[in-house]
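Reader: I'd like a close look at one part of this model, the middle helix of the packing and whatever sits around it. Could you walk me through it in one go?

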Amino acid sequence: MPFLSLILIRTALLYLAIGFTLGGLILLNKAVPFQPALWRLLPLHVEFTLVGWIIQFVMGAAYWMLPRLGQYRPRGSDVPVWGTIICLNAGIWLAGIATFVSSPFPLEMAGRMLEFAAIVLFAVHAWPRVRPFGEG
Ligand code: HEM
C-alpha cells in the first residue's frame, strides 16, 4: 500500500472509532437518558462518520487503486494529496469545534471551505488517472 493511502486509511479508521463511540454514547443516552448534553455531540458524530471516515477512506482507497501514470512517479505528484490530507482534517476539526462555540458561523464556514479545498485538490490529483483501459 502506498504511504499516502496508509495515512488516509489509518486516519479514517481513527475517525471510525471515535465517530462510532460518539454514536454509541448518543444511542445509549437515547435509550437510558443520563446526560442530556450528549446530544451536543451529534454534529461531531455526523462530521466524523461522514467526512472523517467515509470520504477519507474512499480517498485512501482511490489513491491506491486508480490507474497509474507509467513507471516514473506512477501516482503523479504527492503535493495535492498532502494538501487534501491537511485541508480535510483541519476542516473536520474546525467544523466540528464550531458546534461548541457561541458564534459558530465563521469557524464552520472556514471548516467547510477547507473541506471543499480538500475535495478540489483530490480531484486535481485523480483527474489524469481516471481514463479508460489500454490508455497510457
Ligand atoms: C458510517 C457510519 C455512520 C454514519 C455515516 C452516521 C451518520 C449519521 C447521521 C448523518 C446522523 C444524523 C441523522 C439526522 O440528523 O437525522 C446520525 C445520527 C445518529 N447516529 Fe449515526 N452514523 C453512523 C454510525 C452510527 C453508529 C455505529 C451509531 C451507534 C452505535 C450511530 C448512532 C447514531 C444516533 C444515536 C444518532 C441520532 C439519531 C436521532 O436523531 O435520534 N451512528 N448518524
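Author: Let's start with the crossing: H1 passes H2 in a left-handed crossing. Sorted by class, the residues in the contact of H1 with H2 come out as 17 nonpolar, nine polar and no charged. Bear in mind that this is a predicted model.

Now the geometry of that pair. H1 covers residues 3-31 and H2 covers residues 42-65; their axes come within 8 Å and cross at roughly 155°. An angle over 145 degrees counts as roughly antiparallel, so H1 is roughly antiparallel to H2.

A good residue to zoom in on here is histidine 45, which is found in helix H2. Is histidine 45 buried or exposed? Histidine 45 is buried, because 21 other C-beta atoms lie within 10 Å, and the cut-off for buried is 20 or more. Setting aside neighbours within four places in sequence, histidine 45 is in contact with Gly19, Leu22, Gly23 and Ile26. There's also a pairing with leucine 16 to look at: histidine 45 and leucine 16 sit 29 residues apart in sequence, yet their C-alpha atoms are 9.6 Å apart in space.

Next, the ligand. There are 13 residues around the ligand, and the closest are Gly23, Gly24, Ile26, Leu27 and Thr49. Two of those names should ring a bell, as Gly23 and Ile26 are also among the contacts of histidine 45. H1 and H2 each supply at least two residues of the shell around the ligand, but H2 gives the most, with seven residues. Sorted by class, that shell has eight nonpolar, four polar and one charged residues.

On to the other partner of H2. Helix H3, residues 79-98, packs with H2 at an angle of about 170°, and the two axes are 10 Å apart. That angle makes H2 roughly antiparallel to H3. From H2, the contact uses Leu44, Glu47, Val51, Gly52, Gln56, Met59 and Tyr63; from H3 come Val81, Thr84, Leu88, Ile92, Ala95 and Gly96. By class, the residues in the contact of H2 with H3 are eight nonpolar, four polar and one charged.

Before leaving this stretch, have a look at the loop between H2 and H3, which is where arginine 73 lies. Most residues other than glycine have a negative phi. Arginine 73 has a phi near 45°, a positive value in a residue other than glycine. Arginine 73 counts as exposed because it has 10 C-beta neighbours inside 10 Å, and 12 or fewer is the cut-off for that class.

Finally, step back to the whole chain. The protein has four helices and zero strands, and reading along the sequence gives the pattern α-α-α-α. Its C-alpha atoms fill a box of roughly 60 × 30 × 25 Å along the principal axes. Of the 136 residues, 24% count as buried, and histidine 45 is one of the buried ones. Among contacts with a separation of 6 or more, 69% are between residues 24 or more positions apart.

Key: Residues are numbered from 1 along each chain as its sequence is written. This is a predicted model: local features need pLDDT of at least 70, side-chain atom pairs count only at pLDDT 80 or more; totals for chains, interfaces and linings use all residues. Axes are lines fitted to C-alpha atoms, for helices over the stretch in contact, and angles run from 0 to 180 degrees between N-to-C directions. Angles under 35 degrees count as roughly parallel, over 145 as roughly antiparallel, 65 to 115 as roughly perpendicular and the rest as oblique. A crossing is left-handed if the near helix is turned anticlockwise from the far one by less than a right angle, and right-handed if clockwise. Ala, Val, Leu, Ile, Met, Phe, Trp, Tyr, Cys and Pro count as nonpolar, Asp, Glu, Lys and Arg as charged, and the others, Gly among them, as polar. A residue is near a molecule or strand if its C-beta atom, placed from the backbone, lies within 6 Å of it. Two residues are in contact if their C-beta atoms, placed from the backbone, lie within 7 Å.
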